[in-house]
Amino acid sequence: MQSRRTSRIRIKVLVAKVGLDGHDRGAKVVARALRDAGFEVVYTGLRQTIDQVVAAAIQEDVDIIGINQHEGSHIHIARKLMQKLKEAGAEDIAVVMGGSIPLVDVEPLKALGVKEVFLPGTPIAEIVRRLEEIVKGGQIASEAEA
Amino acid sequence: MSNPLDLIERAKKGDKRALGRLLTLLEEISAENAWVLERLSSESGRAHVIGITGMPGSGKSTLISRLIRAFRDKGYKVAVITIDPTSPISSGSIMGDRVRMQEHATDAGVFIRSVTNRGILGGVSLAALAMIEAFDVMGYDKIIVETVGVGQSETDIMNVADTIVVLTMPGAGDDVQALKAGVFEIGDIYVVNKSDRPDAVRTYEYMLFVAEKEALGRGGSWKPLVIKTSAALGLGIRELAEAIERHLSYVRESGEKERRLLARRAHLMKLVAVRALLGALEEVMREEGESVSKVAKDMRGFYDEAMRIVKLTGKRVS
């Protein structure tokens, strides 16, 4: 049988913001830009709990979760999110982050399993390219597994 | 990657990850995976399918969020399929209806899934119809399908729901609009949402008129109901939930439910057929491009040319 990800015509991404951070302009701009690039974008809005993000990602069966954060809690969120995804048997969903994240935090985030961190000023085309690479990489891995 | 039978078994035990993946499989029904839907449908037919439609901004998602709560209070498991428009330019889409329902995301008895058409005519309806069968088998009592009330190909699924709820709101048009709008001919229940607004009384009266006029022209003993709600304030929700239950009793007792189930499945088959035909037609049009362009110059014999294309398409799919 054909594997799930190779049968996919398009890439499905969840764009979410966690906790009390109310700055959603960036998340909306990215959501819109990804749509224009042909992605299926699920937008869950502001002030989500990590449990809500994981539940939505599972029910929508997305390929990627994109967390946009501007208030400094990105490392804490990444740690908890990776743990909850694992508990839910969904650790194969790739996580990327973006927003006001200091350069020094990029490596710690990647060490936690975050696939990519998009710093302020990252061109949209670059985000699209990386997300496509990540999903393709996941496909190759799951084919090797099968 | 897990096989479909394994996904079905796990989903039956309440594993949402497995159900999420199963739904993805059903988004693209093909000759290879048709057996999965066959397997599911052999056990389905029990759930109550509720179609909710209305123009953008009429408050569908907020109302559905309230309804989820009302149904959960009665102990029902609830699934929601939200259908979002796809950009005709990029063929990408933003699925944002979840925003207003996210409070239910972590409820074990609620499952919310968004679908888009992925550029295939009727693709949404096909995916949604297949998903209905899956949710039914997994023990979801109420399956709510939400669509924007525009665009025939995306809303045809409404015609095959067990209960059809049509939303309107104050200021959405006068009585002449109500007369001509096709969507006002299919409702089992009409909802005037945002009825906390002062001009809601007029809209309510128009809708009473619509419902009355319409009851004259249709078969069966069900008389369309009109209900005032304010989804934002949580008003009229209990009345709406009760009306939906009352309609369920009606479709069960009248034999209409069985008829709508068969209509739903016949429609699914039609969509598979349409997809195959359109695919073949596109191919033939491309291959015959030279001949078609020639006729297009002066349109002489255009009808015969079209029929020739039809015959070639017929040969292609047989």
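In chain A, 71% of the contacts with a separation of 6 or more link residues that lie 24 or more positions apart. The model is a predicted one. Its chain A comprises 6 helices and 5 strands, and these elements follow the order α-β-α-β-α-β-α-β-α-β-α from the N terminus. Of the 146 residues of chain A, 40% are classed as buried.

Strand E4 of chain A, spanning residues 94–99, is mostly covered, with 6 of its 6 residues buried. In a regular strand, side chains alternate between the two faces of the sheet. In E4(A), Ala94(A), Val96(A) and Gly98(A) point one way, whereas Val95(A), Met97(A) and Gly99(A) point the other way. Residues of both sets are buried.

Strand E4(A) has pairing partners in E3(A) and E5(A). With strand E3 (residues 64–69) of chain A, E4(A) pairs in the parallel sense over 6 bridges. Within this pairing, Gly98(A) of E4(A) is the bridge partner of Asn68(A). The connection from E3(A) to E4(A) passes through helix H4 (residues 74–87) of chain A, and this β-α-β crossover is right-handed.

Strand E5 (residues 116–118) of chain A also runs parallel to E4(A), to which it is joined by 3 bridges. Here Val96(A) is placed opposite Glu116(A) of E5(A). Together with helix H5 (residues 106–111) of chain A, E4(A) and E5(A) form a β-α-β unit that is right-handed. Strand E4(A) thus takes part in a right-handed β-α-β arrangement with E3(A) and H4(A) and in another with H5(A) and E5(A).

How values were computed. Residues numbered from 1 in each chain as written. Chains lettered and ligands numbered in written order. Predicted model: local features only at pLDDT ≥ 70, side-chain atom pairs only at ≥ 80, totals over all residues. Helix = DSSP H or I, 4+ residues; strand = E, 2+ residues; numbered from the N terminus. Buried ≥ 20, exposed ≤ 12 C-beta atoms within 10 Å, placed from the backbone. Contact = placed C-beta atoms within 7 Å. Pairing = 2+ DSSP bridges. Right-handed = clockwise from strand over helix to strand, strands pointing away.
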